[in-house]
Amino acid sequence: MLNRKLGIIDLSKRKVKITQTPDNLKKAFLGGRGLNIHYLYDMVKSDIDPLGPENVLIFGTGFLTGTLVPNSSRFNVSAKSPETGILGDANCGGYFAAELRYAGFDRLIILGKAKEPSYLHVTDGTIEIKGAKEYWGLDTTDVQLAFKKDLGQVEAAVCGVAGENLVRFACVRTGVKNAAGRCGLGAVMGSKNLKAVVTKGTQGIEIAHPEKMFEVVEELKDYLMSSKITPILGSVGTPLLYEVSNAFGAIRTKNSQLNAWSDTLNADVVETFVDKMIGCSSCFVHCRHRNKLGGEGPEYTALGLLGANLGIEDTAHVIELNNICNELGLDISSSGTILAWVFELYERGIIDKKMAGEKLRFGDFELAKSLLYKISRREGFGDILAESTRNVERFGEKSKDYLIAVKGLPQSDPHDVRYMKAFALGIATASRGADHLRSRPTLEIFFNLPKEVRERIYGKGVTNDPTSYIAKEKPVYFSDNIFAAIDCLGICKFICHGFNSPHYVDYAWMKKLIHCTSGWQFKEKEIEAVGKRVIDIERMFNTREGITRKDDTLPKRYFDDPMPLKIAKGHHIDRKEFDKLLTRYYKIRGWDKDGQVKKERVRELEALQ
Amino acid sequence: MKLAIELTKPFSDAVGKRELEVDFDGRSVEELLQHMTEKYPKLRKEIYGETGEVTEYVIVFVNDKPISALDGTDTGLKNGDKLLFFFPISGG
Ligand code: SF4
């Protein structure tokens with residue numbers, strides 16, 4: 001359990017060093033996202049080009065990854081983001097992370113740039129840098145199949161053509177659809193001439209208390225299965241959310257000019273395209289679809305951002321766009337947001353045919369499809385779009401008014417946050433930019449949660465009204481901390497307390513799981529402290545890159561344009577109330593008025609480095 | 001009074017429709033839930049837990065607010081109100 005190694009690979013010098021993360025650091029950060037930000041803060045200088053050889057790319061498994069613990073399939077990929085210029089970090093499922101641990105490694109830190117296309121071959125205790133000329137140019141599934149053909153039953157994390165071509169929102173992919181999707185980390189792979197990390201291991205993970213482990217895991221499974229959400233996730237998956245958000249009037253539509261779209265993308269229509277439900281390693285929820293059009297998905301994100309947001313109604317078309325993004329290695333959230341943005345800019349005359357090379361419009365599947373291919377190959381207008389939100393400079397200041405992004409990161413999920421104020425604060429303050437997976441306080445929509453349960457989880461004074469600003473810093477603070485902790489452990493957020501249900505894995509369960517796997521005795525408060533530490537260091541990383549209070553904001557449209565349709569009609573974010581809410585969030589987090597980690601805390605955390 | 005009710009999964013599956021026009025002479029959401037579960041018995045297990053309490057897996061909106069922000073199941077209803085039933089779920 002605790003003897004997995006840290007591999008440091010310098011691609012420029014073709015040198016590999018195998019070492020180990022000291023136990024005191026594991027105790028402070030556990031693993032996954034936590035240890036990744038520890039190393040990133042230590043090793044990345046603030047003025048570097050994210051696509052230059054000085055950037056540091058980290059693949060880090062969670063503390064519990066690859067064990068019997070339910071849904072312990074996760075790893076985090078981290079680097080300075082080429083899309084935003086701040087923290088780049090993305091969490092991913094599949095089978096790769098468990099395999100990396102079976103090969104003897106917790107974490108790989110990749111430095112420099114290879115002279116020619118390369119891949120890392122990680123097998124029981126060894127890491128080799130190998131040539132990847134014959135794999136360069138292949139799509140994400142094809143390259144993984146090629147590795148399996150050449151090297152046997154390996155698992156691989158790869159970049160697609162988009163990553164090779166340095167598209168600033170290229171993702172890292174493993175399996176058909178699992179993605180470390182956000183922040184352009186696939187482009188960081190491409191910039192290092194690194195096509196893949198390929199691994200195969202035969203080493204088991206020693207468990208400190210195996211019998212106790214069986215017992216706790218059985219108990220946990222029963223507990224998780226007692227929630228009604230588990231079987232629904234396992235039979236319908238996240239597409240159910242599309243129907244919910246749409247009925248409510250909270251689905252980003254046509255670049256958030258509208259907030260509701262067609263029923264043709266509802267879960268029961270998606271179901272007609274489902275071949276079967278599948279899962280990641282150690283998962284018993286199985287929330288993902290294999291579709292009949294030759295890919296996996298769509299998730300809620302794809303339905304919303306490649307469907308409603310682009311004005312596309314036909315489910316088969318949305319699934320095809322989803323499959324194309326997956327094969328090219330493009331992040332679906334950024335792809336759907338950037339395309340919708342330029343479609344609206346074209347409608348408004350902010351960009352013209354001369355720049356775009358053709359007429360841009362919503363609802364045109366063939367146009368969207370051809371633009372995705374062009375982006376991935378940086379052809380024509382695709383070369384411009386591949387620069388993502390940086391295009392504000394090219395398109396002009398006015399274009400920013402229509403951009404649905406925070407800190408340069410296009411919003412991750414299709415949820416229009418103007419109605420739910422806690423959701424809005426969450427995307428404004430998330431450490432990697434506009435993102436729901438950092439802190440979405442889903443229990444906000446558990447409107448029937450008894451008051452005492454709500455107060456036990458979030459603290460006193462949080463109202464039952466999602467449109468109220470009162471005490472909404474508390475659900476965001478709670479969620480931020482616990483999601484950071486679960487990312488350090490390598491467990492899927494779908495079974496994290498507060499993400500989908502109040503009955504999922506909370507600090508008490510985490511404590512038991514840490515103990516039976518490693519023998520370490522953590523108190524619940526100490527696990528929460530790991531999450532807080534991670535968030536503070538992520539903020540310190542961003543501060544170094546120039547992030548201040550003015551960046552913790554929302555797209556202009558969320559403030560100034562009331563939602564036009566359905567239940568959410570008329571709701572928007574009030575600037576003054578939002579500002580007060582932000583101040584309260586900083587206060588509860590212990591940051592100063594400008595949203596910076598206080599000096600004494602910085603000293604305390606830097607002493608760990 | 002006439003109420004317009006929109007249902008999403010799994011409530012729509014239990015009723016067999018996504019939209020209902022309900023003619024109802026009760027007063028509150030609680031009475032409406034009783035009325036609906038009598039008319040559509042399959043809805044019962046989606047709305048009530050084993051102890052007969054309304055489960056936490058149903059969210060009911062009356063116009064633009066969830067009943068939790070109003071008076072819970074005691075929330076009063078009036079002619080022309082629009083209601084939405086949905087299941088709380090999150091994801092990416
Ligand atoms: S719940 Fe879904 S995303 Fe999470 S581990 Fe299971 S299959 Fe993967």
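**Entry 1: a loop in chain A**

I started with A:Ser388, which I found in the loop between helix H16 (381-385) and helix H17 (392-395) of chain A. A note to myself before going on: this is a predicted model. A:Ser388 is not a glycine, yet I read a positive phi of about 55 degrees for it. I had looked it up with a rule in mind: most residues other than glycine have a negative phi. Is A:Ser388 buried or exposed? With a relative accessible area of 0%, A:Ser388 is buried, because the cut-off for that word is under 20%.

**Entry 2: its counterpart in chain B**

Next I turned to B:Asn63, another residue that is not a glycine but has a positive phi, of about 55 degrees. I located B:Asn63 in the loop between strand E3 (59-62) and strand E4 (65-66) of chain B. Its relative accessible area is 30%, and I noted B:Asn63 as partly exposed.

**Entry 3: cis peptide bonds**

I then went looking for peptide bonds of the rarer kind, since most peptide bonds are trans. In chain A, the bond from A:Gly297 to A:Pro298 is cis, with omega near 10 degrees. I traced A:Pro298 to the loop between strand E14 (288-291) and helix H11 (300-305) of chain A. In chain B, I found B:Lys9 and B:Pro10 joined by a cis peptide bond with an omega of about 0 degrees. B:Pro10 sits in the loop between strand E1 (2-7) and helix H1 (11-15) of chain B.

**Entry 4: a helix end in chain B**

While in chain B, I looked at B:Lys39, which belongs to helix H2 (residues 29-39). B:Lys39 is exposed, and its relative accessible area is 56%. I also checked B:Lys39 against B:Val15: they are 24 residues apart along the chain, and their C-alpha atoms are separated by 9.0 Å.

**Entry 5: a sheet in chain A**

Back in chain A, I followed an open sheet of six strands with mixed pairing, in the order E2-E1-E6-E3-E4-E5. Which strands are at the edges? They are strand E2 (15-19) and strand E5 (87-92), each pairing on one side only. On average, and ignoring direction, neighbouring strands of this sheet are turned by 15 degrees against each other. I picked out one pair: strand E3 (residues 57-61) and strand E4 (residues 75-80) of chain A run in the antiparallel sense over four bridges. There I saw A:Ile58 opposite A:Ser78 of E4(A).

**Entry 6: two helix pairs in chain A**

I described each pair by the angle and the distance between the axes. For helix H12 (residues 315-328) and helix H15 (residues 365-377) of chain A, the axes come within 10 Å and cross at roughly 5 degrees. I therefore wrote down H12(A) and H15(A) as roughly parallel. Among the residues making the contact are A:Leu321 and A:Ile324 of H12(A) and A:Phe365 and A:Leu372 of H15(A). By class, I have eight nonpolar, two polar and two charged residues in this contact of H12(A) with H15(A).

My other pair was helix H20 (residues 473-489) and helix H21 (residues 507-518) of chain A, whose axes come within 11 Å and cross at roughly 20 degrees. That makes H20(A) roughly parallel to H21(A), because angles under 35 degrees count as such. I noted their crossing as left-handed. The contact includes A:Ile482 and A:Leu489 of H20(A), and A:Tyr507 and A:Met510 of H21(A). I have seven nonpolar residues, one polar and no charged ones in the contact of H20(A) with H21(A).

Conventions
Residues are numbered from 1 along each chain as its sequence is written. Chains are lettered from A and ligands numbered from 1 in the order in which they are written. This is a predicted model: local features need pLDDT of at least 70, side-chain atom pairs count only at pLDDT 80 or more; totals for chains, interfaces and linings use all residues. Side-chain values use heavy atoms; hydrogens and water are left out. Axes are lines fitted to C-alpha atoms, for helices over the stretch in contact, and angles run from 0 to 180 degrees between N-to-C directions. Angles under 35 degrees count as roughly parallel, over 145 as roughly antiparallel, 65 to 115 as roughly perpendicular and the rest as oblique. A crossing is left-handed if the near helix is turned anticlockwise from the far one by less than a right angle, and right-handed if clockwise. Contact means heavy atoms within 4.5 Å. Ala, Val, Leu, Ile, Met, Phe, Trp, Tyr, Cys and Pro count as nonpolar, Asp, Glu, Lys and Arg as charged, and the others, Gly among them, as polar. Two strands pair if DSSP finds at least two bridges between them. Buried means under 20% relative accessible area, exposed over 50%, partly exposed in between (1.4 Å probe, protein chains only).
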